[in-house]
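Notebook open, coffee poured. I want to look up packing, odd backbone spots and ring pairs, one entry at a time.

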Amino acid sequence: MPTEEPQPLWRPDPRHVAAARMTAFQAWAADHHGAPATGGYPTLHRWSVADPEAFWKAVVEWFDVRFSHPYERVLGDPVMPGARWFEGATLNYAEHALRAAAERSEDPALLRIDETHPPTPVTWGELRRQVGSLAAALRARGVRPGDRVSGYLPNVPEAVVAFLATAAVGAVWTSCAPDFGARSVLDRFRQVEPVVLFAVDGYRYGGKEHDRRETVAELRRELPTLRAVVHVPLLGTDAPEGALPWSSLTAAQVEPVFEQVPFDHPLWVLYSSGTTGLPKAIVQSQGGILVEHLKQLGLHCDLGPDDRFFWYTSTGWMMWNFLVSGLLTGTTLVLYDGSPGFPDTGAQWRVVEETRATFYGTSAAYVTACGKADVHPGRDLDLSSVRCVATTGSPLPPDGFRWLHDEVRADLWIASVSGGTDVCSCFAGAVPTLPVHLGELQAPCLGTDLQAWDPAGRPLVDEVGELVVVNPMPSMPIRFWNDPDGTRYHDSYFATYPGVWRHGDWITLTSRGTVVVHGRSDSTLNRQGVRMGSADIYEAVERLPEIKESLVIGVERPDGGYWMPLFVHLTPGAVLDGALTDRVKRTIRENLSPRHVPDEIIEVPAIPHTLTGKRLEVPVKRLLQGTPLDRAVNPGSVDDLDLLGFYLDLARRDD
């Protein structure tokens, strides 16, 4: 147990606490719904999980969620899976996303920026007009509620318009980024059988143009359910034969018509990383996403009409969907289309400066890369607009917190957040009224009864345990596509602890109320009964300037032995000699645990990732255990399949 209170890296200024929407919400909820009026965030969170019906009723009233037909009860059945939220209610997500157009028609809703062009605004009025025109065009071509509409698009305004028009019709959106190859896209889109495909002719990345017309042609051939293809000419080419030009569908002066759908009507399909088998096709609802994202963005991220919200993402990652939901709070979205590191590692910080972003989200890996590349954004750029930098994708190590504090601004709110595609939201992370501690997430999120459990299902405090959620969240999947009896959905989250969501991460809930994420529990390192998350190893090893990235695996041997190799991708010019090997081992021994010093340190040409940037820990482990490649990994989910050949050869070496 901790013996003394660690000092926070940052505390919110009392004026900011008083002005935070979280503070105003607590006072209002105390007056109207019985929330505790004192005690700050910890008491508000306890109330939110102890009385979820009162809490979520307060959320929909505070944010003025407009039901065209009223609900009968907030939470009809709290069981998981299968909780029923706001039964009887009808609404439309897109209608809420475009509400700001009524009073702020000439203000920017979107700021488009890429590698070579300055920010270009799309006003709220123009966004609403384009959505109205496109929604009418979709209806005219027979698109009806429940039909699937797909996008092969980068992070550009056309993607936002296509998604909102789809939601306005009551159809179901799904998207992939155009850097996905045809096989990866087909693994996803074939499952949902789209009737419309929005597709670019290509995209610009890393200073180069990438023509995708042949890939689009293959998608058209291999998706027999398509009734229409819409050509988005990002590179300026003409629409191919049989495709509709984007401009012809978005030119009309038409008020949008918003289909009123049940609360649990599908909004979109997201996909798991799908490292083995086909990606899970995760279905989330219009109402569930609406209320969860209003809570997350409007309270936890403290976003409102005066903010500019930039998250570096692509349309193939749930963070794009999360970013677009910033419209629900009247916030201006910054849509950046390009490489995160072109022409140099500091590229994202220049986007923050150029767009005057107030809330900037990125990956923990990018922050680490900036530290290694000797980037000094606070010194070299005007970042006075940004009040919060948030990170996700993997745990932000303590050095990452220090770097942001030292190199961006000392009074910066740093929000490391953790959630998942599975809920398209956060379990823990940003709280504008709480302090920030090195290497820790500020707190579990409102309405999320987050706990750490041991294998017997006993809650743990100040000890490593499985991340579980013991009450339903509105954005949990309503189902998986093509999972008629719910078996795959149940087995993905509820097989370990019946009726309780097990996410697959190791976490520590501290006695101070903060959260530490240690990495995936299904790739946990277990030496002599001592468990350690892979993220802990990465955080220690990647402080060394010679280590660009690493991958650690714990392999159970048939004879009962345990082999733990550490694979390292070195920075240019570095050499894995005896001295560096000794330094790596000493770093782990002194900073973590002598038991978790790797048995072998092996240089690799690069570390393999999923298309969404996660290290392929479990598939590599399976390869090293002798699983054939086609059973260990879905080739279409990997950023560079050739990299896995190294691990196959290594497995054969050890046979």
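**Entry 1: Leu327 and the core**

I started at Leu327. Leaving out residues up to four places away in sequence, I find that Leu327 touches Ala97, Ala109, Leu110, Trp124, Leu127, Val160, Leu164 and Leu333. A reminder to myself that this is a predicted model.

Next I asked which residues touch the most other members of the largest nonpolar core. They are Leu127, Leu164, Phe198, Leu327 and Trp349, in a core of 133 residues. I then looked up where the largest share of this core comes from, and it is helix H7, residues 157-169, with 10 residues. There is also a second, separate core of 35 residues, and I noted Ile601, Ile602, Val604 and Val620 among its members.

**Entry 2: helix H4**

I listed the buried residues of helix H4, which runs over residues 52-62: Ala54, Phe55, Trp56, Ala58, Val59 and Val60. What do the buried residues of H4 pack against? I get helix H2 (21-33), helix H3 (40-50), S1, S2 and helix H11 (286-300). After H4 comes Asp64, and its phi is positive, near 55°.

Two of the H4 names turned up again when I looked for aromatic clusters. One cluster is formed by Phe25, Trp28, Trp47, Phe55, Trp56, Trp62, Phe67, Tyr71, Trp85, Phe86 and Phe263.

**Entry 3: positive phi**

Phe86 from that cluster got a backbone check. Phe86 is not a glycine, yet its phi is positive, about 45°. I place Phe86 in strand S2. Buried or exposed, I wondered about Phe86? Its relative accessible area is 1%, so I logged Phe86 as buried.

I looked at Asn482 for the same backbone feature: its phi is near 60°, a positive value in a residue other than glycine. Asn482 sits in the loop between strand S27 (479-480) and helix H17 (487-493). With a relative accessible area of 59%, Asn482 is exposed. I flagged these spots because most residues other than glycine have a negative phi, and most peptide bonds are trans.

**Entry 4: cis peptide bonds**

The second half of that rule sent me to omega. I found a cis peptide bond between Met80 and Pro81, with omega about -10°. Pro81 is in the loop between strand S1 (73-77) and strand S2 (84-87). Another cis bond joins Phe342 to Pro343, where omega is about 5°. For Pro343 the place is the loop between strand S17 (332-337) and helix H13 (347-355).

**Entry 5: ring pairs**

How many aromatic pairs does the structure hold? My lookup gives 40. I picked out Phe163 and Trp268: their ring centres are 5.5 Å apart and their planes are at 45°, so this pair is tilted. Phe163 lies in helix H7 and Trp268 in strand S14 (residues 266-271), so the pair ties together parts that are 105 residues apart in sequence. I checked burial for both partners. Phe163 has a relative accessible area of 0% and is buried, and Trp268 is buried at 1%.

Then I took Phe480 and Tyr493, an edge-to-face pair with 6.1 Å centre to centre and 75° between the planes. Phe480 belongs to strand S27 and Tyr493 to helix H17, so here the parts tied together are 13 residues apart in sequence. Phe480 counts as buried at 2% relative accessibility, and Tyr493 is buried with a relative accessible area of 4%. So the pair joins S27 and H17, while Asn482 is in the loop between them.

One charge-over-ring case went in here too. The charged end of Arg615 sits over the ring of Tyr538, 3.8 Å from the ring centre.

**Entry 6: His437**

Last lookup was a histidine. I found His437 in the loop between strand S22 (425-429) and strand S23 (443-444). Despite the loop address, His437 is buried, at a relative accessible area of 8%. What does the His437 side chain reach at 3.4 Å? The backbone oxygen of Pro6. I also pulled the contacts of His437, not counting residues up to four places away in sequence: Glu5, Pro6, Gln7, Pro8, Leu9, Phe401, Arg512 and Thr514. Pro6 therefore shows up in my notes both as a contact of His437 and, through its backbone oxygen, as what the His437 side chain reaches, with His437 buried.

Terms used: Residues numbered from 1 in each chain as written. Predicted model: local features only at pLDDT ≥ 70, side-chain atom pairs only at ≥ 80, totals over all residues. Heavy atoms only, no water. Core = buried A, V, L, I, M, F, W, Y, C linked by side-chain atoms within 4.5 Å. Buried < 20%, exposed > 50% of the residue type's maximum accessible area, 1.4 Å probe, protein only. Helix = DSSP H or I, 4+ residues; strand = E, 2+ residues; numbered from the N terminus. Contact = heavy atoms within 4.5 Å. Polar contact = N/O pair within 3.5 Å; in protein donor to acceptor, adjacent residues only side chain to side chain. Phe/Tyr/Trp six-rings, centres within 6.5 Å; stacked < 30°, edge-to-face > 60°. Lys NZ or Arg CZ within 6 Å of the ring centre and 35° of its normal.
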